[in-house]
Amino acid sequence: MNNNEKRNYILKYKKQIRLFLLLLVLSLLTNIWLFAQNMKYKSDLAQMSAKYEEAEARAKNPQLDPETTAKIESLESEIQRLRLQNEDLENSASKRKNSGYAQLSQEYGDFRIKVDGVNVRATPGLDGEIVDQFNEGYIFTVYDSKKSGDTLWYGFYLNNDDTQYSWVSSSLVEPFEP
């Protein structure tokens, strides 16, 4: 094959090569993101476990007050939630590794608001205090989900420094895929 034929061959398949490279980069970035999320959840789980052990040690004290009991129960549920999220991420990474493409759980990941004027609430359900309002196109990351009546609500952090979730109805959002 002479140089002119090589050049024509490269030009002929230039779009396919670019598409392949773009997909390869997207796959790499997705793997990096999944790894970072997995590390974050493992870190969160370790922190919660340490807090739980500390609270459990205090709980063995015969002078256990109701506030400490409530903290222990809250930490137990938070640890369980983090373990489940970590399992979801590990399963997603495993599927990605085995199939070449991973899809995040339908209840966790990035979502986009479908309509204008969506109320963001402090607790899941229509009785939750309205803390903000989103318009169509706003993208956010879901970390939890809960049922209130017949409606599924998605929990997410409104601000990076938040420690409690804000909630939006699942019927007003759709999965976001860049």
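This section describes the overall make-up of a predicted protein model, two patches on its surface and the surroundings of one tyrosine.

The protein chain contains three helices and eight strands, and, read from the N terminus, these elements follow the order α-α-α-β-β-β-β-β-β-β-β. Of the 178 residues in the chain, 26% are buried. The accessible surface of the chain amounts to about 12,500 Å², and carbon and sulfur atoms account for 52% of that surface. When contacts between residues at least 6 apart in sequence are considered, 54% of them are found to join residues at least 24 apart.

Two surface patches were examined, beginning with the nonpolar one. A nonpolar patch of about 750 Å² is made by Leu19, Leu22, Leu23, Val25, Leu26, Leu28, Leu29 and Ile32. One of these residues, leucine 26, is part of helix α2, which spans residues 14-59. Leucine 26 is classed as partly exposed because its relative accessibility is 44%, a value that falls between the limit of under 20% for buried residues and that of over 50% for exposed ones.

A second patch, negative in character, is formed by Glu53, Glu56, Glu73 and Glu76. Helices α2 and α3, the latter covering residues 66-99, are the elements that each contribute two or more residues to this negative patch. Glutamate 53, a member of the patch, lies in helix α2, the helix that also holds leucine 26 of the nonpolar patch. With a relative accessibility of 52%, glutamate 53 counts as exposed, since the cut-off for that class is over 50%.

Attention then turned to a residue of the strand-containing part of the chain. Tyrosine 165 is located in the loop that links β6 (151-156) to β7 (166-169). Although placed in a loop, tyrosine 165 is counted as buried because its relative accessibility is 12%, and the class of buried residues takes in values under 20%. Once neighbours within four places in sequence are set aside, the residues in contact with tyrosine 165 are Arg81, Gln85, Ala122, Tyr143, Asp144, Gly155, Phe156 and Tyr157. Among these partners, Arg81 and Gln85 carry numbers that fall within the range of helix α3 (66-99), whereas Gly155 and Phe156 fall within the range of strand β6 (151-156). Tyrosine 165 was also compared in position with tyrosine 154: the two are eleven residues apart in sequence, and their C-alpha atoms are separated by 8.9 Å in space.

Technical notes. Residues are numbered from 1 along each chain as its sequence is written. This is a predicted model: local features need pLDDT of at least 70, side-chain atom pairs count only at pLDDT 80 or more; totals for chains, interfaces and linings use all residues. Side-chain values use heavy atoms; hydrogens and water are left out. Patches are made of residues with over 30% relative accessible area and no salt bridge: like charges are joined within 9 Å, nonpolar side chains (Val, Leu, Ile, Met, Phe, Trp, Tyr) within 5 Å. Accessible areas come from the Shrake-Rupley method with a 1.4 Å probe; for residues, only the protein chains shown count as cover. A salt bridge is a side-chain nitrogen of Lys or Arg within 4 Å of a carboxyl oxygen of Asp or Glu. Helices (H or I, at least four residues) and strands (E, at least two) are DSSP runs, numbered from the N terminus. Buried means under 20% relative accessible area, exposed over 50%, partly exposed in between (1.4 Å probe, protein chains only). Contact means heavy atoms within 4.5 Å. Lys and Arg count as positive and Asp and Glu as negative; His and the chain ends are not counted. The place of a charge is taken as NZ of Lys, CZ of Arg, CG of Asp or CD of Glu.
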